Amino acid sequence: MTVSSPAALRPAVLRAGLTLAVVAAVSAFAARAQAQSSSQSAFQVRPLVGALIPTGDERDVIKNAVLVGGQGSFTLNSNFALVGAFGWSPSEDKTSAARPKLDLYQYDLGLQGKLDDLTSGSAVSTRPYAIVGGGGRTYDLRNVAGASAQTNPLGYGAVGLDLDQTNGRIGLRLEARDNVTAFKGLRGELQDRKARNDLQFVAGLTFGF
């Protein structure tokens with residue numbers, strides 16, 4: 001048996017069918033996007049540990065030191081985030097015969113760009129990233145009479161790798177950073193600021209919220 005519909009109804013039926021198809025496709029895309037975004041943590045925190053290694057002229061002023069601190073990030077979208085960090089290094093003043101202890105405090109904010117997952121489909125996502133940012137560094141000599149803490153501007157660039165659970169909120173971050181400071185001396189003794197450079201290598205656990 002053949003059933004035919006009036007010719008006047010056919011365009012209306014076609015338009016309704018197309019509309020339903022478009023609505024279904026958009027709904028499916030929105031549901032998938034929502035599922036993907038819900039699996040990504042908007043906030044992440046990381047305790048960090050590593051090393052601070054002065055280079056160039058800065059090697060004559062301070063010694064290599066352990067670096068400990070923390071990092072927090074806020075995700076803007078799947079590829080960009082704001083990153084804030086704080087670090088402390090117990091170093092020494094190499095310019096003095098007494099070699100007094102020197103505390104370095106570092107605080108900064110940066111913009112992070114991250115590549116898409118290189119190991120899509122596995123239990124662990126692998127995402128390289130880069131950060132550029134700036135902040136400050138404070139040099140504070142311990143138990144040195146007449147010495148006051150000196151704070152200098154700081155700029156940095158960093159590259160690293162995030163290894164995260166694909167369906168979880170815990171991961172591992174490995175990062176290498178190049179810092180440049182406008183150095184005024186540990187006691188503010190330099191007449192003009194000098195560019196000084198050091199490297200920073202850290203690892204940290206990531207916890208997402």
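These legends go with a set of close-up views of a predicted model.

**View 1. The chain at a glance: one helix and eight strands.** Starting from the N terminus, the elements come in the order α-β-β-β-β-β-β-β-β. The chain has 209 residues, and 31% of them count as buried. Take the contacts in the chain with a separation of 6 or more: 59% of them are between residues 24 or more positions apart.

**View 2. Strand E5 and its partners, E4 and E6.** On one side of the pairing list we have E4, which runs antiparallel to E5 (residues 124-141) and is joined to it by 13 bridges. Then there's E6 (residues 150-165), also antiparallel to E5, with 16 bridges joining the two. Val132 is a handy residue to follow here: it is the bridge partner of Leu111, and it stands opposite Gly157 in E6. Elsewhere along the E5 and E6 pairing, Pro128 has Leu161 as its bridge partner. A general reminder for anyone tracing side chains in this view: in a regular strand they alternate between the two faces of the sheet.

**View 3. The hairpin of E6 and E7.** Four residues sit between these two strands. E6 and E7 run antiparallel, and eleven bridges join them. To pick out one pair, look for Gly155, which stands opposite Val180 in E7.

**View 4. Ala176 and its surroundings in strand E7.** Is Ala176 buried or partly exposed? Its relative accessible area is 27%, so Ala176 falls in the partly exposed class; a residue has to be under 20% to count as buried. Leaving aside residues up to four places away in sequence, Ala176 touches Gly157, Ala158 and Val159, and also Gln200 and Phe201. Val202 is worth marking too: its C-alpha atom is 6.6 Å from that of Ala176, with the two residues 26 apart along the chain.

**View 5. The largest nonpolar core, twelve residues in all.** Leucines turn up repeatedly here: Leu48, Leu52, Leu67, Leu102, Leu104, Leu141 and Leu186 are among the members. The rest of the list is Val61, Ile62, Tyr139, Phe183 and Val202. Strand E1 (43-55), E4 and E5 are the elements that give two or more residues to this core. Apart from it lies another core, made of six residues, including Val83, Ile131, Tyr156 and Ala158.

**View 6. Leu48 and what it touches.** Which residues does Leu48 touch, not counting those up to four places away in sequence? One run goes from Leu67 through Val68, Gly69 and Gly70 to Gln71. The others are Val202, Ala203 and Gly204. Two of these contacts, Leu67 and Val202, belong with Leu48 to the largest nonpolar core.

**View 7. One cavity, found in a search of the whole structure.** The search looked for cavities of 30 Å³ or more and came up with one. The volume of this largest cavity is about 80 Å³. It is lined by 14 residues, and those that lie nearest its centre are Ala85, Phe86, Gly87, Gln106 and Gln200. What kinds of residue make up the lining? It divides into five nonpolar, six polar and three charged. Strands E2 (65-75), E3 (80-92), E4 (101-114) and E7 (170-183) each supply at least two lining residues. The largest share is from E2, with four residues.

**View 8. Two loop residues with positive phi, Arg99 and Asn143.** As a rule, most residues other than glycine have a negative phi. Arg99 goes the other way, with a positive phi of about 50°. You'll find Arg99 in the loop between E3 and E4. Its relative accessibility is 37%, which means that Arg99 counts as partly exposed. Asn143 also has a positive phi, about 55°, and is not a glycine either. Look for Asn143 in the loop between E5 and E6. Is Asn143 buried or exposed? With a relative accessible area of 83%, Asn143 is exposed.

Conventions. Residues are numbered from 1 along each chain as its sequence is written. This is a predicted model: local features need pLDDT of at least 70, side-chain atom pairs count only at pLDDT 80 or more; totals for chains, interfaces and linings use all residues. Side-chain values use heavy atoms; hydrogens and water are left out. On a 1 Å grid over the protein atoms alone, a cavity is a set of points where a 1.4 Å probe fits but cannot get out, and a pocket is an open set with protein on both sides within 12 Å along at least five of seven lines; lining residues have an atom within 4 Å of a point. Grid points are joined across faces, edges and corners, and a volume is the space filled by probe spheres set on the points. Ala, Val, Leu, Ile, Met, Phe, Trp, Tyr, Cys and Pro count as nonpolar, Asp, Glu, Lys and Arg as charged, and the others, Gly among them, as polar. Two strands pair if DSSP finds at least two bridges between them. A nonpolar core is a set of buried Ala, Val, Leu, Ile, Met, Phe, Trp, Tyr and Cys residues joined through side-chain atoms within 4.5 Å. Buried means under 20% relative accessible area, exposed over 50%, partly exposed in between (1.4 Å probe, protein chains only). Contact means heavy atoms within 4.5 Å.
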